[in-house]
Amino acid sequence: MSQPGPGAEPGPWREVAAGVYLCVAQPASVNLSLVLGSDGALMVDTGSSPRQGRLLREAARSVTDVPVQAAVATHWHYDHCFGLAAFTDVATFAHESVRDRLRGPEAAAAAADLGVEESDLAVASREVVVAAALDLGGQRVEIAHLGRGHTDGDLVVVVPDANVIFTGDLIESATAPWYGGDSFPHEWAATLDSVIGLMTADTIAVPGHGEPANREFVFGQRGRVAAVSGEIRRLSENGVSASEALQAGSWPFPAEHIAGGVEAGYRQLEISSRKALPLI
């Protein structure tokens, strides 16, 4: 049986908090969300292709009569960002780094694998450096870059009145988080500290993949993310090469989840060490 492609219709909506809806779309089982106000709606992440983005907008009509007023991509990866082209008539938000990422070779390769034309990858109309906010009509939404982690352009979306925070792939509950060559293993835990600082015991965290989670879950995953950084640092200091580290290390997550980030972690340690050298 063939797997659903990047143009597959998203799954049914379910309400996870007052005025906040969640659906799951294939092929990556990504969480796509809708935040409702009295005047408009915000889409959080846009799917894996322009076609899936259009289907997502159509699906939104099944839960609300208000128009989609804006969309935000929590980071540049295909399942979160490649549907932006379906939202060019409204305000779209992404971190300032996403534009270059979408024009780079990794995005081009992902588009080719998905059968998406590279020319169809739209960039956001509003680039977030630190923070942005919008009012959907009785529903304030805050968008913030709290630091680097899963990528250099991770955004979180906070809905204060609903006590919900969308974390993108900074947090995952379906599986362990994934580290790629564009991840920042040594900064990820500090970014999650900032996420935790925005949460109460009752806050719902909607991850990039998997079921919504609470602060205790986020705190536990933060500890394991910190352990990845510590293990990369330990191995490097003990003279273990980046190519040997995955096999030699003791990891809190499955090796296949960390594999893409080990070399990035070594490289970032090297850059940090060069910065610390005496200037004279």
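How many residues does helix H6 have, and how far does H6 reach from its first C-alpha to its last? Helix H6 (residues 215-237) has 23 residues and reaches 33 Å, close to the 33 Å expected at 1.5 Å a residue. The expected span is 1.5 Å times one less than the number of residues in the helix. Helices (H or I, at least four residues) and strands (E, at least two) are DSSP runs numbered from the N terminus.

The model is predicted: local features need pLDDT of at least 70, side-chain atom pairs count only at pLDDT 80 or more, and totals for chains, interfaces and linings use all residues. Residues are numbered from 1 along each chain as its sequence is written, and side-chain values use heavy atoms, with hydrogens and water left out.

**Helix H6**

At the start of H6, a side-chain oxygen of Asn 214 comes to within 3.3 Å of the backbone nitrogen of Glu 216. Just after the helix, Gly 239 has a positive phi of about 80°. The buried residues of H6 are Val 218, Gln 221, Val 225, Val 228, Ser 229, Glu 231, Ile 232 and Leu 235. Buried means under 20% relative accessible area, exposed means over 50%, and partly exposed lies in between (1.4 Å probe, protein chains only). Ser 229 counts as buried because its relative accessibility is 10%. Leaving out residues up to four places away in sequence, Ser 229 touches Pro 185 and His 186, where contact means heavy atoms within 4.5 Å.

**Helix H1 and the loops beside it**

In H1, the buried residues are Pro 50, Gln 52, Gly 53, Leu 55, Leu 56, Ala 59 and Ala 60. Their cover includes strand E2 (20-25), E3, strand E4 (41-44) and strand E5 (68-72).

Gln 52 is in helix H1 (residues 50-60) and is buried at 0% relative accessibility. Its side chain makes a polar contact at 2.8 Å with the backbone oxygen of Ala 8. A polar contact is a pair of N or O atoms within 3.5 Å; within protein, one must be able to donate a hydrogen and the other to accept it, and residues adjacent in sequence count only if both atoms are side-chain atoms. Beyond four places in sequence, Gln 52 touches Gly 5, Pro 6, Gly 7, Ala 8, Ala 25, Gln 26, Thr 46 and Gly 47.

Pro 50 is buried, with a relative accessible area of 10%. On the same basis of sequence separation, Pro 50 touches Phe 82, Gly 83, Ala 85, Ala 86, Val 116 and Asp 120.

Most residues other than glycine have a negative phi, and most peptide bonds are trans. Gln 26 and Pro 27 are joined by a cis peptide bond, with omega about 20°. Pro 27 is in the loop between E2 and E3, and so is Ser 29. Ser 29 has a positive phi near 50° and is partly exposed, at 34% relative accessible area. In the loop between E4 and H1, Asp 45 has a positive phi of about 75°. Asp 45 is buried at 2% relative accessibility.

**Pockets and cavity**

On a 1 Å grid over the protein atoms alone, a cavity is a set of points where a 1.4 Å probe fits but cannot get out, and a pocket is an open set with protein on both sides within 12 Å along at least five of seven lines; lining residues have an atom within 4 Å of a point. Points are joined across faces, edges and corners, and a volume is the space filled by probe spheres set on them. Ala, Val, Leu, Ile, Met, Phe, Trp, Tyr, Cys and Pro count as nonpolar, Asp, Glu, Lys and Arg as charged, and the others, Gly among them, as polar.

| Space | Volume | Lining by class |
|---|---|---|
| Largest pocket | about 310 Å³ | 4 nonpolar, 6 polar, 4 charged residues |
| Second largest pocket | about 180 Å³ | 3 nonpolar, 3 polar, 4 charged residues |
| Largest cavity | about 40 Å³ | 5 nonpolar, 5 polar, 1 charged residues |

The largest pocket is lined by 14 residues, of which His 77, His 150, Asp 169, Glu 172 and Trp 178 are the closest to its centre. For the second largest pocket, with 10 lining residues, Glu 187, Gln 268, Leu 269, Ile 271 and Ser 272 lie nearest the centre. Helix H5 (185-197) and helix H8 (255-276) each give two or more residues to this lining, and H8 gives the most, with 5 residues.

The search of the whole structure finds 1 cavity of 30 Å³ or more. Its lining includes Asp 45, and E3 gives the most to that lining, with 3 residues.
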